[in-house]
Amino acid sequence: MTKTEHLKNIRNIAADGMVLLENNGILPLKKDTGIAALGSTMYFCNKGGCGSGDVLSVIPVQPYDALVNCNISVNKEIADLYISFLENNYDWELKYYNRHN
């Protein structure tokens with residue numbers, strides 16, 4: 001496979017993996033609109049790997065925290081379930097990435 005063919009394949013794969021949403025007046029979200037933050041990476045987003053792939057920011061901000069900091073109403077019951085699961089199953093990672101004491 002040539003470099004040009006490889007780049008074309010990568011572009012096609014990326015396009016096939018994207019989801020476009022039609023905006024029927026929903027975006028931007030209104031202040032009183034609530035959302036559900038789904039997926040563990042909303043609460044614990046590992047932005048890097050180990051060794052040379054490790055990325056530590058001075059003040060890590062998780063997507064969930066960013067939403068809350070912007071006064072976006074996030075479903076607390078769902079958030080509590082994810083946070084409890086992460087604290088019970090990924091304790092050392094959470095401590096390493098400054099998510100809790």
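This report walks through the fold, the core, helix H3 and a couple of asparagines in a predicted model.

## Overall layout

Let's start with the big picture. The protein has four helices and two strands, and reading from the N terminus these elements come in the order α-β-α-β-α-α. Of the contacts with a separation of 6 or more, 59% join residues that sit 24 or more positions apart.

As for the surface, the protein exposes about 8,200 Å², and 58% of that area comes from carbon and sulfur atoms. Buried residues are 12% of the 101 residues in the chain.

## The nonpolar core

Eight residues make up the largest nonpolar core: Ala-37, Tyr-43, Phe-44, Tyr-64, Leu-67, Val-74, Ala-79 and Leu-86. Helix H2, which covers residues 63-69, and helix H3 each put at least two residues into this core. As background, nonpolar side chains in soluble globular proteins tend to be buried together.

## Helix H3 and its salt bridge

Helix H3 runs over residues 76-89. How does its length check out? With 14 residues at 1.5 Å each, H3 should span 20 Å, and its end C-alpha atoms are indeed 20 Å apart, so the two values agree. At the N-terminal end, Asn-75 acts as the cap of H3: one of its side-chain oxygens is 3.1 Å from the backbone nitrogen of Glu-77.

The structure holds one salt bridge, and you'll find it in this helix, where the side chains of Lys-76 and Asp-80 meet with an N to O distance of 3.0 Å. Why does the spacing work out? Lys-76 and Asp-80 are four residues apart in H3, so about one helical turn separates them. An α-helix has 3.6 residues a turn, so residues three or four places apart point the same way. The two partners fall into separate accessibility classes: Lys-76 counts as exposed because its relative accessibility is 54%, over the 50% cut-off, while Asp-80, at 35%, counts as partly exposed.

## Two asparagines worth a look

Asn-89 also belongs to helix H3. Its side chain reaches back to the backbone oxygen of Phe-85, at a distance of 2.8 Å. With a relative accessibility of 46%, Asn-89 counts as partly exposed, since that value lies between the 20% and 50% cut-offs.

Then there's Asn-71, which is not a glycine but still has a positive phi, about 60 degrees. Where does Asn-71 sit? This residue is in the loop between H2 and strand S2, the strand made of residues 73-74. Asn-71 counts as exposed, with a relative accessibility of 60%.

Terms used
Residues numbered from 1 in each chain as written. Predicted model: local features only at pLDDT ≥ 70, side-chain atom pairs only at ≥ 80, totals over all residues. Heavy atoms only, no water. Salt bridge = Lys/Arg side-chain N within 4 Å of Asp/Glu carboxyl O. Buried < 20%, exposed > 50% of the residue type's maximum accessible area, 1.4 Å probe, protein only. Expected span 1.5 Å × (residues − 1). Polar contact = N/O pair within 3.5 Å; in protein donor to acceptor, adjacent residues only side chain to side chain. Contact = heavy atoms within 4.5 Å. Areas by Shrake-Rupley, 256 points an atom, 1.4 Å probe, with all protein chains shown as cover. Core = buried A, V, L, I, M, F, W, Y, C linked by side-chain atoms within 4.5 Å.
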